[in-house]
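Subject: Handing over a structure

Hello,

I am passing this structure on to you, and I hope you enjoy looking through it. Please open it below, and then read on for what turned up.

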Amino acid sequence: MSISNAFAYLISPGKGAVGGSSISGKEIAGGTGKLFDMLAGIFSGEASPRDFEITFNAAPDGGQVNECRDLLVAFEASPSLASGHLIAERLQGVTDNRSGIGLLFLLAGTQGLKKRVVVSRFPTEQAVLAEVSSAGLDVEFLEQVFIKKLSSYKAVMLQHPTPKDGFWKGMATDRQAGQSGEHISDYWLKDFLNADFSETAAAGTRRLATALKQALKANPNLSVKAEIAHASSLAPAVFLGKSLTIGDFCDHFGLSNAAKETIRNQLSKPSLFGKMFQFEPNEFKNVAPFRTIEMSNGAILTAPNEDFEKVFETKEASDGVVEYTTRGRVSDQRLARK
């Protein structure tokens, strides 16, 4: 694995700006020094739980066209300050004042028989602009400012033997967002890359709901069952419109290791525990619409999953006895088989 070309661009916010600020660029040559070592680490890094698979969106009419992808394919075919500058301009156009000034790195190289491109953005401060000379960015200056930013960056990695055909999927990350995917910047994923999570919202949510249903059946421990059932009741309200993994779901509710492992064991492969998707409440309700509790005295309590803890009030006694109470008008009665 090696980097054949590396470029840096200093980008100020350009979204909504009139005229736009100039973009300073610099080729980083030689393959030595602290800055290059840092970039090599990002370029060669393996996927982690904080990375997620993305797919570039096709044109609204279904055509295989995506402007950002086209720019990245062109950059890989002919890496230069000019071809990279077009990518930098695109990022500047969607960067607002909340994101601030950042340093964009564009790296091209190989990974075995595959061509690889890595795009990475590091945040910086307003004062940096004053340090840029008319001659452009200085590598020594970049090392001094950005070598401390190793743990705070956004990136996307694309690789394929034939980029023109294969650069439709990649791995993206937002190390500024922390461990959870639910805080990934929309401007990076949707506005700049014009991409989305490879896992569809429906498929990912369906997998989560199914794993929870199966976990409730698989683990005989009543305490573990209670953890999982409680989390499933709250999920539609907590994760509305958010992106997460099944691991994020477990961590958010502080599920015990026993509950986590029970859920993980219901998946067809362990890697799905860390696969990113956008939560779809209606799909979750379709798979797990009701929650039911069976009591030792023969009573069976059922209510819509997301409303169960609103419908029934719970009081627990020290001897393990639980009292459920509810209040409402009788709307129907029926006889049914258990």
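One term before the tour: two strands count as paired if DSSP finds at least two bridges between them. With that in mind, start at the hairpin that strand 13 and strand 14 form, with 5 residues between them. Gly320 sits in the turn and has a positive phi of about 90°. Strand 13 (residues 313–316) and strand 14 (residues 322–325) run antiparallel and are joined by 4 bridges. In one of these pairs, Thr314 has Tyr324 in strand 14 as its bridge partner.

Please keep in mind throughout that this is a predicted model.

**The whole chain**

The protein chain has 338 residues, and 43% of them are buried. Its secondary structure consists of 12 helices and 14 strands. Among the contacts with a separation of 6 or more, 67% are between residues 24 or more positions apart. The accessible surface is about 18,100 Å², and carbon and sulfur atoms account for 49% of that.

You may wonder how many disulfides the structure holds. The count is 0. As a reminder, a disulfide is a covalent bond between the sulfur atoms of two cysteines. Two cysteines to look at are Cys68, which is buried with a relative accessible area of 1%, and Cys250, which is buried at 0%.

**Strand 4 and its two partners**

Next, have a look at strand 4 (residues 102–111), which is mostly covered, with 8 of its 10 residues buried. Strand 1 (residues 2–11) runs antiparallel to strand 4, and 9 bridges join the two. Here Asn5 stands opposite Ala108.

Strand 4 also pairs with strand 5 (residues 114–123), again in the antiparallel sense, over 10 bridges. Gly109 has Arg116 in strand 5 as its bridge partner. Strand 4 and strand 5 form a hairpin with 2 residues between the strands, and Gly112 there takes a positive phi near 65°.

**Strand 3, between strand 7 and strand 8 in the pairing list**

Strand 3 (residues 51–56) is joined to strand 7 by 5 bridges, and the two run antiparallel. Strand 3 also pairs with strand 8 in the antiparallel sense, over 3 bridges. Thr55 is a handy residue to click on, as it stands opposite Lys169 in strand 7 and has Asp196 as its bridge partner in strand 8.

On strand 7 (residues 169–174) you will find Ala172. Is Ala172 buried or exposed? Ala172 has a relative accessible area of 1%, so it is buried, the cut-off being under 20%. Leaving out residues up to four places away in sequence, Ala172 touches Arg50, Asp51, Phe52, Ile54, Ala155 and Val156. From Ala172 to Ala155 there are 17 residues in sequence, and their C-alpha atoms are 5.6 Å apart in space.

**Helix 6 and the loop after it**

Leu189 belongs to helix 6 and counts as buried, at 2% relative accessibility. Apart from neighbours within four places in sequence, Leu189 is in contact with Phe52, Ile54, Asn194, Ala195, Asp196 and Phe197. Phe52 and Ile54 also appear among the residues that Ala172 touches. Leu189 and Asp174 are 15 residues apart in sequence, with 9.3 Å between their C-alpha atoms.

Asn194, one of those contacts of Leu189, lies in the loop between helix 6 (186–192) and strand 8 (195–197). Asn194 has a positive phi, near 50°, although it is not a glycine. Its relative accessible area is 26%, which makes Asn194 partly exposed.

**Helix 8**

Last stop: helix 8 (residues 222–238), which has 17 residues. At 1.5 Å a residue helix 8 should span 24 Å, and its end C-alpha atoms are 24 Å apart, so the two values agree. Where in helix 8 does a kink lie? The kink, of about 25°, is at Ser232, shortly before the proline Pro236.

Both Ser232 and Pro236 are among the buried residues of helix 8, along with Val224, Ile228, Ala229, Ala231, Ser233 and Ala235. The elements that cover these buried residues include helix 7 (201–218), helix 9 (246–252), helix 10 (257–264), helix 11 (281–287), strand 11 (290–294) and helix 12 (308–311).

Happy browsing, and best wishes.

Technical notes. Residues numbered from 1 in each chain as written. Predicted model: local features only at pLDDT ≥ 70, side-chain atom pairs only at ≥ 80, totals over all residues. Heavy atoms only, no water. Buried < 20%, exposed > 50% of the residue type's maximum accessible area, 1.4 Å probe, protein only. Contact = heavy atoms within 4.5 Å. Areas by Shrake-Rupley, 256 points an atom, 1.4 Å probe, with all protein chains shown as cover. Disulfide = S-S within 2.5 Å. Expected span 1.5 Å × (residues − 1). Bend = angle between axes of the 7 residues up to and from the residue.
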